Amino acid sequence: MAAHTYVLVDVDDALAPDERQAVQAGRTFRDAHISPFADGIELRRETAISTLRLASQHGLLGLQVPTTQGGLGLSVLAAARVYEEIAEGCLAHAFSLEVHNNIANLVSRRGTKGVQDRWLPRLLSGDAVAAFCLTEPAMGSDAVAIQCKADSVGSDWVLNGEKAWVTNAAGADLFAVWAQTDAAAGSRGIAAFLVEREAEGLTVTDPYKLMGGHAMGTAGILLRDCRVPADGLISPPGEGFQVAMQGITAARIFVGAQCCGILKAGLERAIGYVSRRKAFGRPVGSFQGLQWELVNVATEREAARLLVYRAAAAADRGLSATVEAAQAKKFATAAAVSGLVTCMQAMGAHGFLIDSTLGRHLATAKMAEYLDGTSEIQNVVVARSLFGGALD
Ligand SMILES: Cc1cc2nc3c(=O)[nH]c(=O)nc-3n(C[C@H](O)[C@H](O)[C@H](O)COP(=O)(O)OP(=O)(O)OC[C@H]3O[C@@H](n4cnc5c(N)ncnc54)[C@H](O)[C@@H]3O)c2cc1C
């Protein structure tokens, strides 16, 4: 794809020099460890947790952990740019890294000193991998209704329940688990706990067989009388739900950014192919009908980037950014699904080959429509801002 610098979209100009370095590190990591291997990993349905650990060699673990605690202290905008670059190679790898980094960030901001001393060095070196566990087999969108129970026993907590769709579960060493401490209290009863993989009573199921995104090692976990020491309580009742929602807002921005990355990969692949492929004596890319289809994809991608960067800028200013993040994620994921289908179509049957990589990107674009809340739930968030309590 020929390079064009959009004056208002060369967002990296707005980043600090060390943030631009992190974006470059994301590209280097992608080119060295992800792009050359992602098709094979997906074909063999392997997890790629070992690749996540390698991100430490490129300084990409702890993107938002404060520098005083050994992280990079990146803004949401800079972190979004890093994930956008990595996703250009594979969205599943980018999301796996993002989940890990989000939990490292949580530990750095809410863990006790003892928990930070024990876990942060391991999370930042890649020695330990983290996972986020909110969704359950019987509950996804309605997060307030989680059934996993946490009972206070002496100074400890005992967890019982099941979590589903846990990204990184296959190789994770540390699970951040949201559980209900008092069903009558609703969202105010929800708390978050750090559970170690070796904890008695925790079992990880086999990874799911999916349409794509196997690199993430997504699986379920079972908690049976799983004892968590007092300092494993990372967000107490009354705060746990809020903390989850704040994390999810940032995660929606990052997923939107990742969709912009896979759209770039799809466009580049399609434009390269149609510029070479001939039909009726001309490159198929010279047909205006085909060009305009790809123009639409490129335009939607630029619009998605603007929504993502606006949401990130709002979050960096300390605003809630909930609506901005929902709009960015809703738009970027839909643009990625439809845009990648268009790119595949432009490549004729060749686009349908595994080697074209577009099928892999398309599967992860579809996956992104579920991650951190479905597109319908983004609509619920935006509708709430439009109507307020007017219809209650
Ligand atoms: C590959 C993958 C990895 C994931 N990783 C994680 C992870 O690491 N941690 C984690 O906690 N979760 C994870 N998830 C789970 C994800 O967050 C949920 O799938 C998502 O929140 C939706 O929940 P659900 O699938 O149970 O759908 P449901 O809640 O059962 O919804 C079913 C359908 O109903 C629609 N719906 C629900 N409520 C409404 C409404 N009010 N209005 C209109 N439509 C509605 C939904 O949009 C959906 O289309 C992952 C999911 C996938 C696919």
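I started with a definition: the radius of gyration is taken over C-alpha atoms, and the globule rule is 2.2 Å times the number of residues to the power 0.38. I then applied it to this structure, which is a predicted model.

**Entry 1: overall form.** With 392 residues, the rule puts a compact globule near 21 Å; I found 21 Å for the protein, so the value agrees with the rule. I also looked up the extent of the C-alpha trace along its principal axes, and noted about 80 × 50 × 40 Å. For secondary structure I listed 11 helices and 10 strands.

**Entry 2: domains.** Where do the domains run? I wrote down 11-129 for domain 1, 132-238 for domain 2 and 241-387 for domain 3. I picked domain 2 and domain 3 for a longer look, and their centres, taken over C-alpha atoms, are 30 Å apart. On the domain 2 side 13 residues take part in the contact, and on the domain 3 side 11 residues do.

**Entry 3: the interface of domain 2 and domain 3.** How much area is buried between domain 2 and domain 3? I have about 970 Å² in my notes, with 80% of that area given by carbon and sulfur atoms. I asked next which residues of domain 2 lose the most area to domain 3, and they are S141, W178 and M211. Together these three make up 32% of what the domain 2 side buries.

I then went looking for polar links. The salt-bridge rule finds 0 across this interface, and I counted 0 residue pairs in polar contact between domain 2 and domain 3, with both residues at pLDDT 80 or more. Sorting by class, I got 8 nonpolar and 5 polar residues on the side of domain 2 that touches domain 3, and no charged residues there.

**Entry 4: salt bridges in the whole protein.** How many salt bridges does the rule give? My count came to 25. I opened up one pair, D12 with R81, where the closest N and O atoms are 2.5 Å apart. This salt bridge links distant parts of the chain, 69 residues apart. I placed D12 in the segment before α1 (17-34), and R81 in helix α4, residues 76-87.

Methods
Residues are numbered from 1 along each chain as its sequence is written. This is a predicted model: local features need pLDDT of at least 70, side-chain atom pairs count only at pLDDT 80 or more; totals for chains, interfaces and linings use all residues. Side-chain values use heavy atoms; hydrogens and water are left out. Domain bounds come from an automatic or database domain assignment. Contact means heavy atoms within 4.5 Å. Buried area is the accessible area (1.4 Å probe) that two parts lose on being put together, summed over both. A salt bridge is a side-chain nitrogen of Lys or Arg within 4 Å of a carboxyl oxygen of Asp or Glu. A polar contact is a pair of N or O atoms within 3.5 Å; within protein, one must be able to donate a hydrogen and the other to accept it, and residues adjacent in sequence count only if both atoms are side-chain atoms. Ala, Val, Leu, Ile, Met, Phe, Trp, Tyr, Cys and Pro count as nonpolar, Asp, Glu, Lys and Arg as charged, and the others, Gly among them, as polar. Helices (H or I, at least four residues) and strands (E, at least two) are DSSP runs, numbered from the N terminus.
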